[in-house]
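The following paragraphs lead the reader through selected elements of one structure and the ways in which they are arranged against one another.

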Amino acid sequence: MIDVVILNWNKRQALLAALDSLFRQSETDFRVIVVDNASTDGSAAVVAAAHQDRIHLVVHDHNLGGTGGFNSGIELARRRENEAVLLLDNDVVLASDALEILISFLRQRPTAGVVGPKTFYKSDPRRIWCCGGVYRPLLAETTHRGGNSMDVGRYGDPAPVGYMPACALLVRRSVIDQVGLMDGRFFIYNDDVDWCLRIRNAGWEIWLEPRARAWHDISYQTTSISPRIAYYSTRNHGLLLSMHGRRWQRWLAAMLIPVILVKRELIFASASRTAGWSHWLALNRAAWQGVRDWQAGRFGEQPYIDR
(Lines give C-alpha, C1' and ligand atoms only; values in the text may rest on other atoms or scores of the structure.)
Protein backbone atom coordinates (compact mmCIF):
# COMPACT_ATOMS: atom_id res chain seq x y z
CA MET A 1 0.00 0.00 0.00
CA ILE A 2 1.16 3.51 -0.90
CA ASP A 3 -0.16 6.68 0.69
CA VAL A 4 -0.13 9.68 -1.64
CA VAL A 5 0.07 13.12 -0.01
CA ILE A 6 -0.97 16.00 -2.28
CA LEU A 7 -0.38 19.50 -0.98
CA ASN A 8 -2.67 22.25 -2.25
CA TRP A 9 -2.83 26.00 -1.91
CA ASN A 10 -5.17 28.00 -4.16
CA LYS A 11 -4.79 25.89 -7.29
CA ARG A 12 -8.19 24.29 -7.62
CA GLN A 13 -8.04 23.35 -11.30
CA ALA A 14 -4.47 22.09 -11.10
CA LEU A 15 -5.41 19.96 -8.10
CA LEU A 16 -8.29 18.37 -9.97
CA ALA A 17 -5.93 17.55 -12.85
CA ALA A 18 -3.40 16.03 -10.45
CA LEU A 19 -6.10 13.85 -8.88
CA ASP A 20 -7.36 12.82 -12.30
CA SER A 21 -3.86 11.62 -13.22
CA LEU A 22 -3.66 9.66 -9.97
CA PHE A 23 -6.94 7.87 -10.47
CA ARG A 24 -5.76 6.75 -13.92
CA GLN A 25 -2.66 5.00 -12.57
CA SER A 26 -1.96 1.41 -13.56
CA GLU A 27 -0.89 0.87 -9.93
CA THR A 28 -4.11 0.83 -7.91
CA ASP A 29 -2.94 -0.09 -4.41
CA PHE A 30 -2.82 3.43 -3.00
CA ARG A 31 -4.78 5.91 -0.90
CA VAL A 32 -4.90 9.68 -1.36
CA ILE A 33 -4.48 12.33 1.33
CA VAL A 34 -5.17 15.88 0.15
CA VAL A 35 -3.79 18.58 2.44
CA ASP A 36 -5.27 22.02 1.83
CA ASN A 37 -3.20 24.90 3.19
CA ALA A 38 -6.07 27.31 3.95
CA SER A 39 -6.94 27.95 0.30
CA THR A 40 -9.32 30.80 -0.46
CA ASP A 41 -10.37 29.65 -3.95
CA GLY A 42 -12.84 26.98 -2.81
CA SER A 43 -10.42 24.13 -3.50
CA ALA A 44 -11.41 22.08 -0.49
CA ALA A 45 -15.14 22.19 -1.18
CA VAL A 46 -14.75 21.41 -4.88
CA VAL A 47 -12.39 18.47 -4.29
CA ALA A 48 -14.55 17.09 -1.50
CA ALA A 49 -17.59 17.16 -3.77
CA ALA A 50 -15.76 15.59 -6.71
CA HIS A 51 -13.83 12.88 -4.84
CA GLN A 52 -15.49 12.49 -1.47
CA ASP A 53 -15.21 8.71 -1.37
CA ARG A 54 -11.68 8.49 -2.79
CA ILE A 55 -9.65 10.94 -0.73
CA HIS A 56 -8.91 11.83 2.87
CA LEU A 57 -9.14 15.62 3.00
CA VAL A 58 -7.22 17.62 5.60
CA VAL A 59 -8.08 21.34 5.69
CA HIS A 60 -5.88 23.71 7.66
CA ASP A 61 -7.11 27.09 8.86
CA HIS A 62 -3.64 28.59 8.36
CA ASN A 63 -1.06 28.18 5.62
CA LEU A 64 1.62 25.91 7.09
CA GLY A 65 3.93 26.30 4.11
CA GLY A 66 5.20 23.47 1.97
CA THR A 67 7.08 21.92 4.88
CA GLY A 68 4.28 22.00 7.43
CA GLY A 69 1.64 21.00 4.90
CA PHE A 70 3.52 17.95 3.68
CA ASN A 71 4.48 17.02 7.25
CA SER A 72 0.85 16.98 8.33
CA GLY A 73 0.03 14.56 5.53
CA ILE A 74 3.06 12.40 6.28
CA GLU A 75 2.04 12.27 9.95
CA LEU A 76 -1.38 10.94 8.93
CA ALA A 77 0.27 8.39 6.62
CA ARG A 78 2.50 7.22 9.49
CA ARG A 79 -0.58 6.23 11.46
CA ARG A 80 -1.41 3.72 8.74
CA GLU A 81 0.19 0.56 7.42
CA ASN A 82 1.99 1.35 4.16
CA GLU A 83 5.09 0.55 2.17
CA ALA A 84 5.90 4.04 0.90
CA VAL A 85 4.60 7.60 0.77
CA LEU A 86 4.40 9.67 -2.41
CA LEU A 87 4.65 13.45 -2.04
CA LEU A 88 2.99 15.33 -4.88
CA ASP A 89 2.48 19.02 -5.56
CA ASN A 90 -0.97 20.09 -6.65
CA ASP A 91 0.35 21.28 -10.03
CA VAL A 92 1.99 17.98 -11.05
CA VAL A 93 0.38 15.32 -13.21
CA LEU A 94 1.78 11.80 -13.56
CA ALA A 95 2.00 9.49 -16.55
CA SER A 96 -0.39 6.59 -16.07
CA ASP A 97 2.39 4.11 -15.26
CA ALA A 98 4.53 6.43 -13.10
CA LEU A 99 3.47 5.13 -9.69
CA GLU A 100 3.87 1.51 -10.77
CA ILE A 101 7.39 2.20 -12.08
CA LEU A 102 8.45 4.08 -8.96
CA ILE A 103 7.23 1.52 -6.43
CA SER A 104 8.71 -1.31 -8.50
CA PHE A 105 12.05 0.49 -8.41
CA LEU A 106 11.98 0.71 -4.61
CA ARG A 107 11.12 -2.98 -4.34
CA GLN A 108 13.95 -4.00 -6.65
CA ARG A 109 16.60 -1.76 -5.07
CA PRO A 110 16.57 -2.18 -1.28
CA THR A 111 19.28 0.46 -0.76
CA ALA A 112 17.11 3.17 -2.31
CA GLY A 113 15.28 5.32 0.20
CA VAL A 114 13.83 7.83 -2.25
CA VAL A 115 13.02 7.69 -5.95
CA GLY A 116 11.49 10.28 -8.23
CA PRO A 117 10.42 10.65 -11.87
CA LYS A 118 11.82 12.62 -14.76
CA THR A 119 9.79 15.80 -14.62
CA PHE A 120 8.91 18.04 -17.55
CA TYR A 121 7.25 21.41 -17.98
CA LYS A 122 3.55 20.96 -18.59
CA SER A 123 3.60 24.02 -20.84
CA ASP A 124 6.36 22.46 -22.98
CA PRO A 125 5.96 18.69 -22.51
CA ARG A 126 9.36 17.66 -23.94
CA ARG A 127 11.34 20.26 -22.03
CA ILE A 128 12.90 18.93 -18.82
CA TRP A 129 12.20 20.64 -15.52
CA CYS A 130 14.23 18.26 -13.35
CA CYS A 131 16.05 14.92 -13.56
CA GLY A 132 17.02 14.95 -9.92
CA GLY A 133 19.11 17.53 -8.16
CA VAL A 134 22.81 18.20 -7.66
CA TYR A 135 23.94 19.50 -4.28
CA ARG A 136 27.26 21.36 -4.18
CA PRO A 137 28.35 21.49 -0.55
CA LEU A 138 30.86 24.36 -0.84
CA LEU A 139 28.11 26.99 -0.64
CA ALA A 140 25.06 24.70 -0.40
CA GLU A 141 24.20 25.38 -4.02
CA THR A 142 21.51 23.31 -5.72
CA THR A 143 20.92 22.68 -9.41
CA HIS A 144 18.36 20.68 -11.37
CA ARG A 145 19.96 18.10 -13.66
CA GLY A 146 18.85 18.76 -17.22
CA GLY A 147 16.83 21.81 -16.22
CA ASN A 148 15.27 23.69 -19.18
CA SER A 149 16.85 21.40 -21.77
CA MET A 150 14.92 19.43 -24.37
CA ASP A 151 14.62 15.70 -23.78
CA VAL A 152 17.00 14.07 -26.26
CA GLY A 153 17.60 10.90 -24.25
CA ARG A 154 20.56 12.12 -22.21
CA TYR A 155 18.90 11.29 -18.88
CA GLY A 156 17.40 8.00 -19.97
CA ASP A 157 18.88 5.65 -17.34
CA PRO A 158 18.22 5.39 -13.59
CA ALA A 159 20.86 7.32 -11.67
CA PRO A 160 21.70 8.22 -8.08
CA VAL A 161 21.24 11.95 -7.46
CA GLY A 162 21.85 14.44 -4.68
CA TYR A 163 18.19 15.02 -4.00
CA MET A 164 14.72 14.78 -5.53
CA PRO A 165 12.30 17.71 -5.38
CA ALA A 166 9.24 17.15 -3.21
CA CYS A 167 6.88 18.00 -6.07
CA ALA A 168 7.02 14.27 -6.97
CA LEU A 169 8.95 12.07 -4.58
CA LEU A 170 8.37 8.50 -3.40
CA VAL A 171 9.97 7.72 -0.04
CA ARG A 172 10.18 4.37 1.67
CA ARG A 173 8.14 4.17 4.89
CA SER A 174 11.02 2.73 6.90
CA VAL A 175 13.10 5.75 5.86
CA ILE A 176 10.51 8.13 7.29
CA ASP A 177 10.45 6.15 10.53
CA GLN A 178 14.24 6.33 10.73
CA VAL A 179 14.91 9.92 9.64
CA GLY A 180 11.70 11.67 10.67
CA LEU A 181 9.78 14.48 9.01
CA MET A 182 10.96 17.48 7.03
CA ASP A 183 12.49 20.23 9.15
CA GLY A 184 9.76 22.77 9.91
CA ARG A 185 12.23 25.63 10.15
CA PHE A 186 12.38 25.86 6.36
CA PHE A 187 8.64 26.59 5.84
CA ILE A 188 9.19 26.60 2.06
CA TYR A 189 12.21 26.06 -0.22
CA ASN A 190 15.14 23.69 0.38
CA ASP A 191 13.18 21.54 2.83
CA ASP A 192 13.28 18.66 0.33
CA VAL A 193 17.02 19.16 -0.21
CA ASP A 194 17.70 18.96 3.52
CA TRP A 195 15.42 15.92 3.90
CA CYS A 196 17.22 14.06 1.11
CA LEU A 197 20.62 14.96 2.56
CA ARG A 198 19.57 13.60 5.95
CA ILE A 199 18.27 10.46 4.27
CA ARG A 200 21.59 10.04 2.45
CA ASN A 201 23.50 10.62 5.69
CA ALA A 202 21.45 7.81 7.24
CA GLY A 203 22.85 5.42 4.62
CA TRP A 204 20.09 5.48 1.96
CA GLU A 205 20.34 6.31 -1.72
CA ILE A 206 18.34 8.92 -3.66
CA TRP A 207 17.47 7.87 -7.21
CA LEU A 208 16.03 9.21 -10.44
CA GLU A 209 13.91 6.68 -12.35
CA PRO A 210 13.41 8.38 -15.75
CA ARG A 211 10.97 5.80 -17.09
CA ALA A 212 8.49 7.36 -14.65
CA ARG A 213 7.38 10.70 -16.03
CA ALA A 214 5.64 13.74 -14.57
CA TRP A 215 4.71 17.22 -15.77
CA HIS A 216 4.97 20.34 -13.61
CA ASP A 217 2.59 23.22 -14.34
CA ILE A 218 5.10 26.07 -14.25
CA SER A 219 6.58 28.12 -17.09
CA TYR A 220 10.22 27.79 -18.08
CA GLN A 221 10.03 31.32 -19.54
CA THR A 222 9.33 32.98 -16.20
CA THR A 223 12.16 35.26 -15.10
CA SER A 224 10.41 37.24 -12.37
CA ILE A 225 11.03 36.64 -8.69
CA SER A 226 9.12 37.93 -5.69
CA PRO A 227 10.54 39.33 -2.46
CA ARG A 228 9.03 36.33 -0.69
CA ILE A 229 11.05 33.92 -2.84
CA ALA A 230 14.19 36.05 -2.44
CA TYR A 231 13.79 36.01 1.33
CA TYR A 232 13.08 32.32 1.93
CA SER A 233 15.58 31.04 -0.62
CA THR A 234 18.33 33.21 0.89
CA ARG A 235 17.57 32.42 4.51
CA ASN A 236 17.15 28.70 3.88
CA HIS A 237 20.33 28.62 1.84
CA GLY A 238 22.08 29.62 5.04
CA LEU A 239 20.11 27.11 7.09
CA LEU A 240 21.27 24.33 4.76
CA LEU A 241 24.86 25.37 5.38
CA SER A 242 24.29 25.53 9.11
CA MET A 243 22.99 21.97 9.10
CA HIS A 244 25.23 20.31 6.54
CA GLY A 245 28.32 22.48 6.12
CA ARG A 246 31.56 22.57 8.03
CA ARG A 247 32.55 25.57 10.11
CA TRP A 248 34.78 27.08 7.43
CA GLN A 249 31.98 26.70 4.87
CA ARG A 250 29.56 28.56 7.12
CA TRP A 251 32.07 31.37 7.60
CA LEU A 252 32.71 31.65 3.87
CA ALA A 253 29.00 31.66 3.10
CA ALA A 254 28.36 34.43 5.60
CA MET A 255 30.84 36.54 3.64
CA LEU A 256 29.70 35.66 0.11
CA ILE A 257 25.97 34.94 0.17
CA PRO A 258 24.97 38.64 0.14
CA VAL A 259 27.22 39.25 -2.86
CA ILE A 260 25.81 36.22 -4.66
CA LEU A 261 22.24 37.35 -4.00
CA VAL A 262 22.83 40.91 -5.15
CA LYS A 263 24.30 39.57 -8.39
CA ARG A 264 21.39 37.19 -8.86
CA GLU A 265 18.76 39.85 -8.29
CA LEU A 266 20.52 42.16 -10.75
CA ILE A 267 20.23 39.39 -13.34
CA PHE A 268 16.55 38.85 -12.59
CA ALA A 269 15.81 42.56 -12.67
CA SER A 270 17.58 43.10 -15.99
CA ALA A 271 15.95 40.00 -17.52
CA SER A 272 12.41 41.04 -16.60
CA ARG A 273 10.69 43.68 -18.68
CA THR A 274 8.40 44.64 -15.83
CA ALA A 275 10.97 44.77 -13.03
CA GLY A 276 12.04 48.29 -12.22
CA TRP A 277 14.30 49.90 -9.67
CA SER A 278 11.74 49.64 -6.87
CA HIS A 279 11.34 45.92 -7.50
CA TRP A 280 15.10 45.41 -7.43
CA LEU A 281 15.27 47.24 -4.10
CA ALA A 282 12.44 45.11 -2.68
CA LEU A 283 14.19 41.92 -3.75
CA ASN A 284 17.45 42.91 -2.16
CA ARG A 285 15.82 44.13 1.04
CA ALA A 286 14.17 40.72 1.31
CA ALA A 287 17.42 38.91 0.54
CA TRP A 288 19.36 40.87 3.16
CA GLN A 289 16.58 40.24 5.67
CA GLY A 290 16.98 36.56 4.89
CA VAL A 291 20.68 36.78 5.69
CA ARG A 292 19.97 38.60 8.98
CA ASP A 293 17.30 36.12 10.02
CA TRP A 294 19.54 33.18 9.20
CA GLN A 295 22.33 34.59 11.32
CA ALA A 296 19.87 35.40 14.14
CA GLY A 297 18.25 31.96 14.01
CA ARG A 298 14.79 33.23 12.99
CA PHE A 299 13.18 30.48 10.96
CA GLY A 300 9.73 29.15 10.09
CA GLU A 301 7.13 31.49 8.58
CA GLN A 302 7.94 35.19 8.56
CA PRO A 303 4.71 37.01 7.62
CA TYR A 304 6.36 40.44 7.41
CA ILE A 305 7.94 39.54 4.07
CA ASP A 306 6.07 41.07 1.12
CA ARG A 307 4.82 38.65 -1.49
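In this predicted model, a suitable place to begin is strand β2, residues 30–36, which runs parallel to strand β3, residues 55–59, and is joined to it by 5 bridges. Within this pairing, V35 of the one strand stands opposite V58 in β3. Helix α2, residues 43–51, belongs to the same arrangement: β2, α2 and β3 together form a β-α-β unit, and its hand is right-handed.

Helix α2 also leads to a helix partner. Two packed helices are described by the angle between their axes and the distance between the axes. For helix α1, residues 12–22, and α2, the axes come within 9 Å and cross at roughly 30°. Angles under 35 degrees count as roughly parallel, and α1 and α2 are therefore described as roughly parallel to each other. Their crossing is right-handed. On the side of α1, the contact involves R12, L15, L16 and L19, which meet S43, V46, V47, A50 and H51 in α2. By class, the residues of this contact divide into 6 nonpolar, 2 polar and 1 charged.

Further along the chain, helix α7, residues 227–244, may be followed to two other helices. Helix α9, residues 277–296, packs with α7 at an angle of about 25°, and the axes of the two lie 7 Å apart. That angle makes α7 roughly parallel to α9, and α7 passes α9 in a right-handed crossing. From α7, the contact draws on P227, A230, Y231, T234, R235, G238, L239 and S242. From α9, the contributors are H279, A282, L283, A286, A287, Q289, G290, V291, D293 and W294. The residues of the contact of α7 with α9 comprise 10 nonpolar, 6 polar and 2 charged.

The other partner of α7 to be considered here is helix α6, residues 191–201. The two helices pack at an angle of about 15°, with their axes 11 Å apart, which makes α6 roughly parallel to α7. The crossing of α6 and α7 is right-handed. Which residues of α6 meet α7? They are V193, D194, L197, R198 and N201, and they meet L240, M243 and H244 in α7. Sorted by class, this contact has 4 nonpolar, 2 polar and 2 charged residues.

Notes
Residues numbered from 1 in each chain as written. Predicted model: local features only at pLDDT ≥ 70, side-chain atom pairs only at ≥ 80, totals over all residues. Heavy atoms only, no water. Axes fitted to C-alpha atoms, helices over the stretch in contact; angles between N-to-C directions. Helix = DSSP H or I, 4+ residues; strand = E, 2+ residues; numbered from the N terminus. Parallel < 35°, antiparallel > 145°, perpendicular 65-115°, else oblique. Left-handed = near helix turned anticlockwise from the far one by under 90°. Contact = heavy atoms within 4.5 Å. Nonpolar A, V, L, I, M, F, W, Y, C, P; charged D, E, K, R; others polar. Pairing = 2+ DSSP bridges. Right-handed = clockwise from strand over helix to strand, strands pointing away.
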